[in-house]
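Dear colleague,

Please find below the structure that I am handing over to you, together with its sequence. My notes on what was found follow directly after it.

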Amino acid sequence: DALTIDTSQNVGIGTTSPGYKLHVSSPTTSAAIGITGSGGSKDTWSITSSDNSSKGVLNFRDEDSSTTVLTLRQDGFVGIGTTDPDAQLDIRSASGSVGLTVGNTTGDTRLQITSTENSDVTFNVGDASGMGTSRSFIFETGNSERMRIAVDGNVGIGIDPAGAKLQVAGGIRISDGSKVYLYTSNDLNYL
């Protein structure tokens, strides 16, 4: 039977014993639901269920461009721009830039990374072929670069490139009578 409605009002497509209000089943490894709008060339979407590396996968596809835009894997990994996510959230772009925006229309916005296992948090800047390649870590505010950690480990605040482990363009203020210690290979001095 192509369509079944059981006594519990569950609807089955491709199955005679639907277990849900809408149950779509396929004899092949992939079942799909298509959604099509009434006009234009950007109005056909599908939701497909399949098996990828022995993990159940739910894909949201733009059928007009034959592109999978979102992948939910059974192990909890989510891919945006990739069908094979390497982490709980893996965001990629085949062209142009890729980003994650966290925003709020009122009040403060916070991005918080925590660990309950007393482990370190690592920020690794790399490229698609692997982490740790020649990329700088740049901090911006107001669309202007404020600080850069360069590939060689030098940190520049208000200056790029930094010519030392720490180079600051502008003044440094230390309050509360604290001392600044200057270490050399043999001596300890303070200002």
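Please bear in mind that this is a predicted model. I begin with V69, which has a relative accessibility of 32% and therefore counts as partly exposed. The residue belongs to strand β7, which spans residues 67-73.

V69 also takes part in a nonpolar surface patch of about 710 Å², together with L3, I5, I13, L22, I33, I35 and W45. Two elements, β1 (3-5) and β4 (31-36), each give two or more residues to this patch.

Strand β7 also holds T71. With 0% relative accessibility, T71 is classed as buried, since the limit for that class is under 20%. Its side chain makes a polar contact of 2.8 Å with the side chain of N59. Beyond its neighbours within four places in sequence, T71 touches V57, L58, N59, F77, V78, G79, T82 and T83.

Turning to charged side chains, the structure contains seven salt bridges. R92 appears in two of the pairs described here: with D86, the closest N and O atoms are 2.6 Å apart, and with D90 the corresponding distance is 3.0 Å. The three residues differ in their exposure: D86 is exposed at 57% relative accessibility, R92 is partly exposed at 38%, and D90 is buried at 9%.

A further salt bridge joins D160 and R148, at 3.3 Å from N to O. This pair links distant parts of the chain, 12 residues apart: D160 sits in the loop between β12 (155-157) and β13 (166-168), and R148 in strand β11 (residues 144-149). D160 is partly exposed, with a relative accessible area of 43%, whereas R148 is buried, at 17%. In addition, R73, D75 and D84 are joined into one network by salt bridges that share partners.

As regards aromatic residues, one aromatic pair was found in a search of the whole structure. The ring centres of F137 and F139 are 4.8 Å apart and their planes stand at 45°, so the pair is classed as tilted. Both rings belong to partly exposed residues: F137 has a relative accessible area of 28%, and F139 one of 34%.

Finally, S93 lies in the loop between β9 (89-91) and β10 (137-141), and is partly exposed at 37% relative accessibility. The C-alpha atoms of S93 and I80 are 8.3 Å apart in space, with the two residues 13 apart in sequence.

With kind regards

Methods. Residues numbered from 1 in each chain as written. Predicted model: local features only at pLDDT ≥ 70, side-chain atom pairs only at ≥ 80, totals over all residues. Heavy atoms only, no water. Patch = residues over 30% accessible without salt bridge, like charges linked within 9 Å, V, L, I, M, F, W, Y side chains within 5 Å. Areas by Shrake-Rupley, 256 points an atom, 1.4 Å probe, with all protein chains shown as cover. Salt bridge = Lys/Arg side-chain N within 4 Å of Asp/Glu carboxyl O. Helix = DSSP H or I, 4+ residues; strand = E, 2+ residues; numbered from the N terminus. Buried < 20%, exposed > 50% of the residue type's maximum accessible area, 1.4 Å probe, protein only. Polar contact = N/O pair within 3.5 Å; in protein donor to acceptor, adjacent residues only side chain to side chain. Contact = heavy atoms within 4.5 Å. Phe/Tyr/Trp six-rings, centres within 6.5 Å; stacked < 30°, edge-to-face > 60°.
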